[in-house]
Structures are given as C-alpha cells and as structure tokens.
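Q: I'm new to reading protein structures, and I'd like a close look at one sheet. Please walk me through how its strands are put together, then say a little about what lies elsewhere.

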Amino acid sequence: MSPHRTPAAARFIAGRRTAWVVALVPILLALAVLAFLPEGERETTSTDTSPIGADSTLAAQLLDDLPDDEGQVAIVLWTAEDGELSEQVQGDLTQQAVALLSDAGGSGESGQGGGQGGPPPGATEGGQGGGGQQSPVVVAEDGTAAFVAVPVTSSSATDNIRKVEKLRDTLREDAPDGVEVQVTGPAGIQADIGQVFDGADFRLLGATALVVAILLIITYRSPVLWLVPLIVVGIADRFAAIIATNVLELTGVAWDESTVGILSVLVFGAGTDYALLLISRYRDELKTTDNRFEAMAHALSRTFEAVLSSATTVVLGLLTLLLSSIPTTRGLGLACAVGVLIAATFALVVLPAALVVFGRWVFWPRVPHVGDTVLVDSNSLWHRVGEAVSRRPRTFVVGTIVALAVLASGTFSISTGLKPSDQFLERPEAIAAAERLGESFAAGTSDPIQVVTRADADQVLGAVEDVDGVDSARITTSADGISQIDAIPDAEPGSEQARALVADVRAAVADFDDTHVGGGDAEAVDAKDYAAQDRLLILPLILLLVLGALVVLLRSVVAPLLLVATVLATYAAAMGASWWLFRTVFDFAAMDTGVPLLAFLFLVALGVDYNIFLVTRAREEAREHGTRTGMLRALTATGGVITSAGILLAAVFAVLGVLPLVVLAQLGAIIFVGVLLDTLVVRTVLVPALAMTLGEKFWWPRKVTG
C-alpha cells in the first residue's frame, strides 16, 4: 500500500516524529491517574447480589428499615473434643455468651438459639446466666455440642471479616480445655467468602501477568519484544481498574470484590489478543517494506477495522448485563465494557507507537527483513491444515458438527444451584461448623428461613408454624411495625427439601400484606429463578448484537448467520464438555446459577474476535484470489496468531482458579474449554470448511471478487 492510501491517523500514530509523543503522553497520563486517583469506593449493602424485586430481596430491604439493625448473625459452636460438655463447661460457656451478647448490644433472650423459641429439637436449656437470667446457650440433647447466636453489625464486607476474625480469636483464647470452638452462620460464611478476596486482586494480577509473559515469550521467542505489549497492557489494566470503579461510583452501580479481578483478566486477555494481531501484521509488513514507520502505518490500517469491530461488539455485549436483575452483575458488565474500551485504545494507539519507536531489533533474534517469506505465502502448519480442509470441506463440516454435538449433549444433564457447602474448593471453618451443627441440632439451625412482615406478627407466626417441615419458629425482632420470624427447617440448607420448604412457607404467608420470605435458601431459590429470566432476556439480545455487528462489518447475510451459529455451537459444546469435567474430575455437585450467562457472554463476545480476525482477512484475500483460495490464504496468515491468542486467552481465564471459589473456577474452566474449541477446531476447521463449501455464496448478497 502506498503512503498516500494509508489513513492519516495511522500515519500520525506511527510517524517518525510523532510516534514517541503518541506512546508517551497516554502512558504518562495513565501513570498520573494511577498516582493521584484512587479506585472507586462504596459501602456494600445486603442486597448487592440479590435479584431486584425478588421476595428475598424485599425481605432484606424490609429488615434494613428496622431502627436497630443487628446485622447478620454469627453462630458460635462449641463441641466437646471427647465425651460431653460438663456442667462446669456449660457454665463457662454461658458466661462467655452473655459477655459476647452484651458487647454486641444484644441480650440473652434475643440471641437464644439463633432466633428460636426455646431449644430446638435435640437440645436442652443451657443453664442460668448472670442474675438468674436464662442462658442464651443452647445445648444438644447428647451433650456434645452447644451454640449461641451473636449479631454482627458491620459497615462493609471488610468490616464483617475483621469482626468475625476478632470473634474467632477471642473465643479460641477463652475456650475451656477439651472444647473446640468455631463460628458459622450467615456472618461467618460471608466472612469466609470475603477472605477469599482478601488480596485477590494482587494474586490475580500477578498470576495473569505471569501467564501472559510466559506465553508471549513462547510466542515471540524474543527476550525483548514481549516486554512492550506486556507493559502497555499492564498499564491499561491498572488504568481500567481506576476508571471503571470510579465510573461505577459516579453512576451508583453496585460492584463487589470479584469485579476488579474479572475485569483484570478480561483486559489482559482482550488487550493481548489485539496486540498479537497487530504485531503479527507488523512483522509481515516489515518483510515487504524498508521503512518501519510505513510498515506500522500499513499494519495498523489493516488491523484497525478488525480490532475496532471486535472491541465494539464485545462492549455492546457486556453492556447487555445492565439489564440483569442482579446489581453486581450490572456493575460487572459496565466495568468490563470500560475495560475493553481502554484495552482497545491502548492496543490501537499506544502499542503501535511504542513498538515503532524501537527499531527492527526489538524482534531479535528473529528480526524480519525485506524479502523474507510473508505468512500468507508460507508453508506453515496452518497452510497444510487449510489444504487438507480444502480437499474435503464437506467432510470436515459434517465431522466437526458431529463432534460438537456430542460434546454439547452434556448440556441436557446440567444442574444449577450450589449449596453453601459446595461454594468453596477448600472447605472453610464456617462450612465445617455448619455441617457439625447439623449433626447435633435441627439441620437448618445455621440458616433459618426468615419471614419479615408488617402484618400481625402472631398470626404470621401461627401460619409459619403450621407448615410441614418447620421444626420451630419464633418472633426474633419487632419494632416500628416490622417483625422478623425465624423458622428452623428440618432439612439441610441448600437441599431440594429446604428449597421446597421455602415455597411452602411463601404459600402459607401469601395472604398477609407486606410479608416476605428471606434467608439463604430463599435467596438461592430466587437467584435460580431470576437467573433463568436473565438468560431469556439477555442471551437473545447478545446474539442479535453480535449478528448485527457482523452484518455491518461484512455487509453480508449468509456469513454472519453461519458465524453466529458456530459461536453458539462452541458455547453448547463447551458447556457440555465442562459439565462432564465438573462431574467426573472435579466432583462439583452443580453449576452456579450465574455461570451460564457469564460464560455465554464471554464466549460469544470474545469468540467473535477470532471470527472477525479470520473473516476480514479472508475477505481481503478473496478480492484477488476468490473465496476458496482467499480463505486458505487467510487461514495461513492468521491461523498462528489466532491460535496463540486463543491459548493465551484460555490460560488467562483459567487463572480465575487461583481463588478457591467454585463459581470462578467453573467460569474459568468453561471459558478455557470454549476458547480452545473455538480456536483449534471451529475457527481452524469448521469456518474455513463452510466458506470453501459455499464458495461465493458465503458472502451473499455481497460480491467480494471481480
């Protein structure tokens, strides 16, 4: 391409006199922002991760209206290491419990039995407290365990962690000899989840950067070149974290501890993908152009449309999450959209300028020279694969579709909805204590069903007590016309029986005005129902956006429809294959309710990247060589970079597994499997085979030849 045909913007970014300014100014601006502007901050609320308008969410909001909100409940469990708890030990525990409740601003009555009217089945009274007051401690009938419920009022997730850990430290120091003490209940479980994210951003960033660095070194086999994209993308990542969280704070959109971690993974993955495409084209241009500034301008003009189209599609897909019923999912979508915009900007502006400032030597020891064979004319592995596909394209179409269908068959057996005990890869104290609590007391003691009402509390209590499966119930709080009733189910939290009981309790109180049912199992039921609604709304919208973007980019109908179909096939195959891995290798009981939507978004939106990279090059080559040869040349030219980008993106998302939360491990695994299928099978075999089978009809109604 001659210089006058190269867009002025590309010549400016890669200009001999302007490149260093284009590279330096955005980097200095980003570093200034990092130095002087902190990440956005917000106080978490009890409904951040709850579906808007759900019954359990309305219950939590009604509880927030109480004048003296006691916050979440921590259940302190004492168990005898051998034999039973003696009367002397029970007396010591009573004194500790009274002191704990006094410090928490509670009382023996309000704390008894986690909100029960006397001891639950399998329990006895724990003796007398100070001044003849009834003990708040509930002792099991077999005498091996005892517990007390302590309210924990916290202003944030970090504050909850601090208070629960302080409670645990105090209890261990004061524990009688031969007695083990643990803390569970909603406050304890939330604290242990919060602990997972303590320092998570640093661990995720470090692991992600390490994975990217290793793969870039392997890809470029250069001791220098990998540093340029890594530094540029690394600065973009930190800049994105600052800007995204401040945008969330300004707009009032909720986010949680996982948002910045997932944002970082996405920025590194997408930014490095764009960098790989640009550098691959730049290296090729250096083999035909003496002047590196002209070579970069040409490479940038050739990759700009593909990267911009890809980033725009991903951003629009991410913004569909603003329609989610979950506040933090909305925050994740907005944050990641901001992150992808920043990643694409750095890849299209800062990276080409930074690369061209250095000479050809930056590629050492594999320095490209004029006259070297360009990728499209090489006899690479991808050229040989393309030739094999071109000889029998219909066979490859049928074969890959059958293989994907076999993998996708696993989707019919997927079960969603994790129990509290299944949310962690490593079982924390709160989960172990909840299971031990269920051995000596009613199974649902650690997580009662909460009925919150403005109606007559006694009548509501009577209706709840009459529900089969409720062991006991009592009014635990009543103020300003709002009452809370805690019902202890006889089913294990998270079980199908417990969730069915939620429906029964809701049916029993349905005739009472302003009465709502909450608690862990109610929240799980609502999360599953609203997640299904989100999928019905958002998934078709994502597909329409992706299809529309491809139609605009390719100005075609057949090709976009086929490409979207291949993306759907990849998603279904990835879900089925991952479910098989979850059940047979990782022994996961179920898939988290939010995973299918997020996996679909990331796989479809990011899968479009590789479609765009391949098909835009195929269209370019088809103008001169025809569709069949053009697709073969496109696969030869982009097969390596698409595979490298796919492996890198898959590895980056696998990094989510460094955090011991099942939901992140599942999301990372599905995207890992899906991206590898997309890059190694669908983009390498199926799409070329479809194009070669259809020939010029692939671009209908557009004509790209002649």
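A: Here's a tour of the sheet, followed by two short stops elsewhere. One thing up front: this is a predicted model, where local features need pLDDT of at least 70 and side-chain atom pairs count only at pLDDT 80 or more, while totals for chains, interfaces and linings use all residues. Residues are numbered from 1 along each chain as its sequence is written, and side-chain values use heavy atoms, with hydrogens and water left out.

The sheet is an open one of 4 strands, lined up in the order E7-E8-E6-E9 with antiparallel pairing. (Helices, H or I with at least four residues, and strands, E with at least two, are DSSP runs numbered from the N terminus; two strands pair if DSSP finds at least two bridges between them.) At the edges you'll find E7 (470-479) and E9 (515-518), and each has a single partner strand, so one side of each has no neighbour in the sheet. Direction ignored, neighbouring strands here are turned by 20 degrees against each other on average.

Now zoom in on E6 (residues 449-453), which runs antiparallel to E9 and is joined to it by 4 bridges. If you want one spot to look at, find Thr453, which sits opposite Thr515 in E9.

There's also a helix lying on this sheet: H16 (residues 457-465) packs there and touches E6, E7, E8 (482-489) and E9. Contact means heavy atoms within 4.5 Å. The direction of H16 makes about 165 degrees with that of E7; such angles run from 0 to 180 degrees between N-to-C directions, with axes fitted to C-alpha atoms, for helices over the stretch in contact.

On to another strand pair: E1 (residues 72-80) and E5 pair in the antiparallel sense over 6 bridges. Thr79 has Glu180 in E5 as its bridge partner. Strand E5 (residues 179-184) is mostly covered, with 5 of its 6 residues buried. (Buried is under 20% relative accessible area, exposed is over 50%, and partly exposed is in between, using a 1.4 Å probe and protein chains only.)

Last stop: Lys287, in the loop between H10 (257-286) and H11 (292-319). Lys287 counts as buried because its relative accessibility is 13%. Besides its neighbours within four places in sequence, Lys287 is in contact with Pro368, His369, Val370, Gly371, Asp372, Thr373 and Val374.
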